[in-house]
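Here is a set of questions about how structural labels are earned. Each answer sets a value against its cut-off.

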Amino acid sequence: MQHVDILIYAGWIIPVEPENTVYEQYALAIQEGKIIALLPSSEAVRQFSARITHRLSSHLLIPGLVNAHTHAAMSLLRGFADDLPLQQWLSERIWPIEQQHVGPEFVADGTRLAMAEMLRGGITCFNDMYFFPEVAGEVIAGAGMRATIGLILVDFPSSWANHADEYLQKGQEVHDTFNNHPLIKTALAPHAPYTVSDIPLQTAQRFAENLDVPLHIHLHETVAEIDEAVEKQGERPLARLEKLGLLSARLIGVHMTHLHNDEITLLAQHGAHVVHCPESNLKLASGFCPIHKLLRAGVNVALGTDSAASNDDLDMLGEMRTAALLAKAISKDASIVPAAEALRMATLNGAKALGIGHLTGSLVPGKSADITAIDMSDIETQPIYNPLTQLVYSVGRDKVTDVWVAGKHLLKSRTLTSLDIHDIKAKTYLWRDKILASLPH
């Protein structure tokens, strides 16, 4: 009999690979933070003994959810600017308050607030884009989550940097700090084509190639963005990025709500990735990402929440359900984005977009033990005919009970083990009061 660190017995396991597969009465064996076996519970009893054994007979295990686009620290601005279109939301509400308040302390406290919410919702990995990424990286590493931190780049000065060269220089330093970290990766993160000019965009692409990291950018988010680009540059943003050499398998284009068929073909040809943020796009009335066409063309489509300032939650289970239902309505085809594909978008597709599909995103031997356990015994999920479709269409994040990242138990029976929820709440209240006090009366 082989002795392992952790053995988890579950009612059901959905590994994501192979797709559309549900194992009933199965177990996971974990050693040194990695999955070493996925097998029937009856066999696990005979083959393994463990230092820690979890018996979750009413639970469903899935890979930890991957939030492929967010701005974690902006959780401190949840509900601050609602019911506004994107450009007005940014220019009149978000950017002015950020100029007043964003600094290392804001980013540390906001990132902890976001992580607490994400872990309680089954998210084990997120792709962040915000100022002071070195601070975010430190608090993420301290909490034991997995993340890709964006090396932010904009043309205008901020509290973090004054110009493009300084953004890139500081980004290089952040990358060097976390280069060999087991859980923290980096990505070049130019904000958007309308906030970053040609030369910095080209420089960011060279940095991404030299550092061998993704390039993460908001793209084709609104009609206004595209119309302004055509008026100023004489071409749509995606055409401009192609001309500048940014279209590649490194590119993670976020939102993509307005795409022509030839642009979808272009994305597929270059192996670019798309992150769909359906609830943020709905709330800001930005448009509808044609994920049914993108998936049909072979484009890797992942899911993200965007920030809690525009969504207003970091709920990937909700995002997965919205994405599936919205795709069916837009395509007028109920078979589009079936449950298995929606789950893949929320897990393995996100990991692939971030270049870590070999590490996480599915429950297979050799990958990290990034696992989410969901209690399926409550009245809201009964009766269970198909755990996979039930997961996508019925389960809320309140059913998440346990989360492991690299085998570490970060959420245990709904209790956070690496974050102090009382301290997080106290600091959040202080930020709310500080921000309210700074507003003109």
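The questions and answers below concern a predicted model.

Q: Why is R240 called buried?
A: Its relative accessible area is 5%. Buried means under 20%. R240 is therefore buried.

Q: What makes D198 partly exposed?
A: D198 has a relative accessible area of 33%. Buried ends at 20% and exposed means over 50%. The value of 33% falls in between, so D198 is partly exposed.

Q: How do you know that R240 and D198 form a salt bridge?
A: The N to O distance between their side chains is 2.8 Å. The rule asks for a Lys or Arg side-chain nitrogen within 4 Å of a carboxyl oxygen of Asp or Glu. The pair meets the rule, so it counts as a salt bridge.

Q: What makes R240 and D198 a link between distant parts of the chain?
A: R240 lies in helix α8 (residues 237-244) and D198 in helix α6 (residues 198-211). They are 42 residues apart.

Q: Why do D212 and R250 count as a salt bridge?
A: Their closest N and O atoms are 3.0 Å apart. The limit is 4 Å, so the pair qualifies. This pair also links distant parts of the chain. D212 is in the loop between α6 and β9, R250 in the loop between α8 and β10, and 38 residues separate them.

Q: Which classes do D212 and R250 fall into, buried, partly exposed or exposed?
A: D212 has 57% relative accessibility. Exposed means over 50%, so D212 is exposed. R250 has 23%. Buried requires under 20%, so R250 is partly exposed.

Q: What makes K427 and D423 a salt bridge, and where do they lie?
A: Their side chains meet at 3.3 Å, N to O. That is within 4 Å, so the rule is met. Both lie in helix α16 (residues 421-438), four residues apart, about one turn of the helix.

Q: Why are K427 and D423 both called partly exposed?
A: K427 has 30% relative accessibility, and D423 has 33%. Partly exposed lies between 20% and 50%, so both fit.

Q: How many salt bridges does the rule find, and which residues are linked in a network?
A: The count comes to 20 salt bridges. R78, E117, D315 and R397 are linked in a network.

Q: Why is strand β13 described as largely enclosed?
A: Five of the five residues of β13 (residues 371-375) are buried, so the rest of the structure largely encloses it. I371, A373 and D375 point one way, T372 and I374 the other. Both groups are buried.

Q: How do you know that β13 pairs with β4 and β14?
A: Pairing takes at least two bridges. Five bridges join β4 (residues 48-63) to β13, so the condition is met. Four bridges join β13 to β14 (residues 400-405), so that pair also passes. Both pairings are antiparallel. P63 has I371 as its bridge partner in β13, and I374 has V400 in β14.

Q: What makes β3 and β16 edge strands?
A: Eight strands form an open sheet in the order β3-β2-β1-β4-β13-β14-β15-β16, with mixed pairing. β3 (34-40) and β16 (415-416) each have a single partner strand, so one side of each has no neighbour in the sheet. For β3, six antiparallel bridges connect it with β2 (residues 23-31). Q31 stands opposite K34 in β3.

Q: How do you know that domain 1 and domain 2 touch?
A: 24 residues of domain 1 are in contact with 30 residues of domain 2. Contact requires heavy atoms within 4.5 Å. The area buried between the domains is about 2,100 Å², with 66% from carbon and sulfur atoms. In domain 1, V392, Y393 and R397 lose the most area to domain 2, together 35% of what that side buries.

Q: Why does E19 with R344 count as a salt bridge?
A: The closest N and O atoms are 3.5 Å apart. The limit is 4 Å, so the pair counts.

Q: How many salt bridges and polar contacts cross between domain 1 and domain 2?
A: The rule finds four salt bridges across the interface. Seven residue pairs are in polar contact. On the domain 1 side that touches domain 2, β4, β13, α15 (387-393) and β14 each give two or more residues. α15 gives the most, with five residues.

Notes
Residues are numbered from 1 along each chain as its sequence is written. This is a predicted model: local features need pLDDT of at least 70, side-chain atom pairs count only at pLDDT 80 or more; totals for chains, interfaces and linings use all residues. Side-chain values use heavy atoms; hydrogens and water are left out. Buried means under 20% relative accessible area, exposed over 50%, partly exposed in between (1.4 Å probe, protein chains only). Buried area is the accessible area (1.4 Å probe) that two parts lose on being put together, summed over both. A polar contact is a pair of N or O atoms within 3.5 Å; within protein, one must be able to donate a hydrogen and the other to accept it, and residues adjacent in sequence count only if both atoms are side-chain atoms.
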